[in-house]
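Here are a few notes to read alongside the model, written for someone opening it for the first time. Go through them in order and click on each residue as you get to it.

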Amino acid sequence: MWTRSQLKYRGKTSFKKFYWKSVLVCFICLILNAGIGSGVSNRMNNYFNSGSNTNYNYNYYSDDDYYNEDLNSEVNGFTDVISSFFIVKHLMIFAMIGVVALVIGFAIKLLIVYPIEVGKNNFFMGIREGERTLGSLIFAYKSGYLKNIIITIFMKGLFQWLWSLLLIIPGIIKSYEYRMIPYILSENPQISRKRAFEISKQMMMGNKWNTFILDLSFIGWEILSAITVGILGIFYVNPYVQGTNAELYAYLREDALQQGYVTSSELIGF
């Protein structure tokens, strides 16, 4: 049975052998996950906010001796109509911008973030055995099975979301049950979606709680990373976590092969 200290030691040793490449791989993934999608949405929202704060109150100065009360009332009514028109116009623009932002973010997630996540896993599994180039990040694109990778990881996220609708706990449990799917795809991108789910579920059987505790063991590092405005995360914590997670998959992979519920033709190696 694996232990946290064992995995963390091996993960730390592994990424330190190829330190700068590991840091760069994690930084690229960080930018893709947190930067591009949210950046699009933020820029769209800023546009709306600047527009919606525009003052559309038109002031009509009148001479009380020249304009009577009825005319002032009509002018004020017309002003309200104009103001309402501009408010509705900006609400419609905001709605359209929101839809466009969602579509762009979804496309980025499918076509870039998911494949790069698999490539990141391929890199960290690869450096356990020897040097890897940054080209590992585009492993999914070079594999010839990009469609299968995208659909499988999309379904993973969809199922997690559907389970989370029941309650938070089932969603968390399923996230750990499906955790090894991106690693399985990084090893064998042509494996069927159904089989990837089955293998991950079997790998995590009896390991979900210990993996949860493993994640909690990095909280101190995450706090220190936040204190340093993410700098420590970029240069140490993120590659440390990824190296440790790769060691976890390596152990579960070997255990799966030994137990015989998966074959070497399914987990073909890195």
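1. Start with Phe-197. This is a predicted model, and in it Phe-197 has 11% relative accessibility, so it counts as buried, the cut-off being under 20%. Tyr-178 is buried as well, with a relative accessible area of 6%.

2. How do the rings of Tyr-178 and Phe-197 sit against each other? Their centres are 5.0 Å apart and their planes meet at 70°; since planes over 60 degrees apart count as edge-to-face, that is what this pair is. Phe-197 belongs to helix 8 (residues 193-204), while Tyr-178 is in the loop between helix 6 and helix 7, so the pair ties together parts that are 19 residues apart in sequence.

3. Stay in helix 8 and look at Ser-200. Its relative accessible area is 0%, so Ser-200 is buried. Which residues does Ser-200 contact, once neighbours within four places in sequence are left aside? They are Glu-177, Tyr-178, Arg-179, Met-180, Ile-181 and Ile-184.

4. Met-180, one of those contacts of Ser-200, deserves its own stop. You'll find Met-180 in the loop between helix 6 (168-177) and helix 7 (181-187). With 1% relative accessibility, Met-180 counts as buried. Not counting residues up to four places away in sequence, Met-180 touches Ser-200, Met-203 and Met-204, and also Leu-248, Tyr-249 and Leu-252. Take Met-204: 24 residues separate it from Met-180 in sequence, yet C-alpha to C-alpha the two are 7.9 Å apart in space.

5. Now for the rings in general. How many aromatic pairs does a search of the whole structure find? The count is 16. Take Trp-20 with Phe-235: the ring centres are 6.2 Å apart and the planes are at 80°, so this pair is edge-to-face. Trp-20 is in helix 2 (residues 19-52) and Phe-235 in helix 11 (residues 231-259), so the pair ties together parts that lie 215 residues apart in sequence.

6. Are these two rings buried or exposed? Trp-20 has 60% relative accessibility and so counts as exposed, the cut-off being over 50%. Phe-235, at 36%, counts as partly exposed.

7. Trp-20 and Phe-235 are also members of a cluster linked by ring pairs. The other members are Phe-15, Tyr-19, Phe-218, Trp-221, Tyr-236 and Tyr-240. While you're looking at Phe-218, check its face: Lys-8 lies over it, 4.5 Å from the ring centre.

8. Helix 2 is worth a second look, this time for Phe-27. At 34% relative accessibility, Phe-27 counts as partly exposed. Together with Leu-24, Leu-30, Ile-31 and Leu-134, Phe-27 forms a nonpolar patch on the surface, and the accessible area of the patch comes to about 370 Å².

9. One backbone oddity to finish. Where is Val-229? It is in the loop between helix 10 (219-227) and helix 11. The phi of Val-229 is near 55°, which is a positive value in a residue other than glycine. Val-229 is also exposed, with a relative accessible area of 73%.

Terms used
Residues numbered from 1 in each chain as written. Predicted model: local features only at pLDDT ≥ 70, side-chain atom pairs only at ≥ 80, totals over all residues. Heavy atoms only, no water. Helix = DSSP H or I, 4+ residues; strand = E, 2+ residues; numbered from the N terminus. Buried < 20%, exposed > 50% of the residue type's maximum accessible area, 1.4 Å probe, protein only. Contact = heavy atoms within 4.5 Å. Phe/Tyr/Trp six-rings, centres within 6.5 Å; stacked < 30°, edge-to-face > 60°. Lys NZ or Arg CZ within 6 Å of the ring centre and 35° of its normal. Patch = residues over 30% accessible without salt bridge, like charges linked within 9 Å, V, L, I, M, F, W, Y side chains within 5 Å. Areas by Shrake-Rupley, 256 points an atom, 1.4 Å probe, with all protein chains shown as cover. Salt bridge = Lys/Arg side-chain N within 4 Å of Asp/Glu carboxyl O.
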